[in-house]
Amino acid sequence: PPLVIDAHSCAIQIDRNYQMKPDDHLAVIKELEAFSFKQADAIIAHSPMNLEELRTLTQRTVLFCRAPWLLPVHLPEQRKPAKNRHLVISSLQQVKGAELMIQAAAIAGNSIKDICIYWAGDDSYSAPGGQLTSAYLEKKYPETWGRQFVWLKQKNREEINRLLFETEAVIIPSLWDTFNYVVPETVYQEIPLIVSDKTGAAYLVKDHPSVTIFPAADADALATLLIH
């Protein structure tokens, strides 16, 4: 049967945008990915940004396919956002903007003492040298960790809905993201969204009145948005 690669994410791309731990495990995965791209009957992508990157990477035709997404249920109650309280829903990874987010929170905290970024999601071994990201951030940013930046660990859907009920805005600080389903989910819930321009799904909301797009990897730009 035909083999179609849904290139929603791959180690080759992640390693180019944020260097992963250079070990034998990564080398094997990248070789397998390159072989799969070469042998596949077709390659599909869910965002124009990723489509263009994959064309350059594979030197092959890449086809656009709308990301599979079903409308979620609206929040059961009218939101009551807490001032200066913001939320990130993602695994705690460097490529997802974990260090960028804590840097921006530290900068914004100089102007707004009670600002707080809550990060809901699993930990990862994506910090330099393959360290746990949480341990790396806590050690490097002790004055911000647990104050302006609070890691909540993994949360279930009910807990996420409660956090969305109380947040002033959702933030996607990714250095690079093939799509990111938090974008349509947040906009559908009519919650303000701050998203990096290296988030694949940002193309869907570039003209939306409740969405602000900032340059990826720019902590100062993100901090300015948090302040204003």
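**Entry 1. Helices α4 and α5**

I began with the crossing of α4 and α5 in this predicted model, and I recorded that α4 passes α5 in a right-handed crossing. I then looked up the geometry of the pair: the axes of α4 (residues 98-109) and α5 (residues 133-140) come within 11 Å and cross at roughly 25 degrees. Angles under 35 degrees count as roughly parallel, and I therefore entered α4 and α5 as roughly parallel to each other.

Next I listed the residues that form the contact. On the α4 side I noted Ala98, Glu99 and Ile102, and these meet Thr133, Tyr136, Leu137 and Lys140 in α5. Sorted by class, the contact of α4 with α5 has four nonpolar, one polar and two charged residues.

**Entry 2. Helices α4 and α8**

I turned to the packing of α4 with α8 (residues 219-227), where the axes lie 8 Å apart at an angle of about 50 degrees. That angle makes α4 oblique to α8. The crossing of α4 and α8 is right-handed.

For the contact itself, I found Leu100, Met101, Gln103, Ala104, Ile107 and Ala108 on α4. Their partners in α8 are Ala219, Asp220, Leu222, Ala223, Leu226 and Ile227. By class, I recorded ten nonpolar, one polar and one charged residues in the contact of α4 with α8.

**Entry 3. Cysteines**

I checked the model for disulfides. A disulfide is a covalent bond between the sulfur atoms of two cysteines. With a cut-off of 2.5 Å between the sulfur atoms, I obtained a count of zero disulfides.

I followed up Cys65 in particular. The closest cysteine sulfur to that of Cys65 belongs to Cys10 and is 17 Å away, which is too far for a bond. I also looked up accessibility: Cys65 has a relative accessible area of 32% and is partly exposed, whereas Cys116, with a relative accessible area of 7%, is buried.

**Entry 4. Glu77**

Finally, I located Glu77, which sits in the loop between β3 (63-64) and β4 (85-89). Is Glu77 buried, partly exposed or exposed? Its relative accessibility is 42%, so I entered Glu77 as partly exposed.

I then asked which residues Glu77 touches, not counting residues up to four places away in sequence. The contacts I found were with Arg162 and Phe165. I also looked up the separation of Glu77 from Asp122: the two residues are 45 residues apart along the chain, and their C-alpha atoms are separated by 27 Å.

Definitions and conventions. Residues numbered from 1 in each chain as written. Predicted model: local features only at pLDDT ≥ 70, side-chain atom pairs only at ≥ 80, totals over all residues. Heavy atoms only, no water. Axes fitted to C-alpha atoms, helices over the stretch in contact; angles between N-to-C directions. Helix = DSSP H or I, 4+ residues; strand = E, 2+ residues; numbered from the N terminus. Parallel < 35°, antiparallel > 145°, perpendicular 65-115°, else oblique. Left-handed = near helix turned anticlockwise from the far one by under 90°. Contact = heavy atoms within 4.5 Å. Nonpolar A, V, L, I, M, F, W, Y, C, P; charged D, E, K, R; others polar. Buried < 20%, exposed > 50% of the residue type's maximum accessible area, 1.4 Å probe, protein only.
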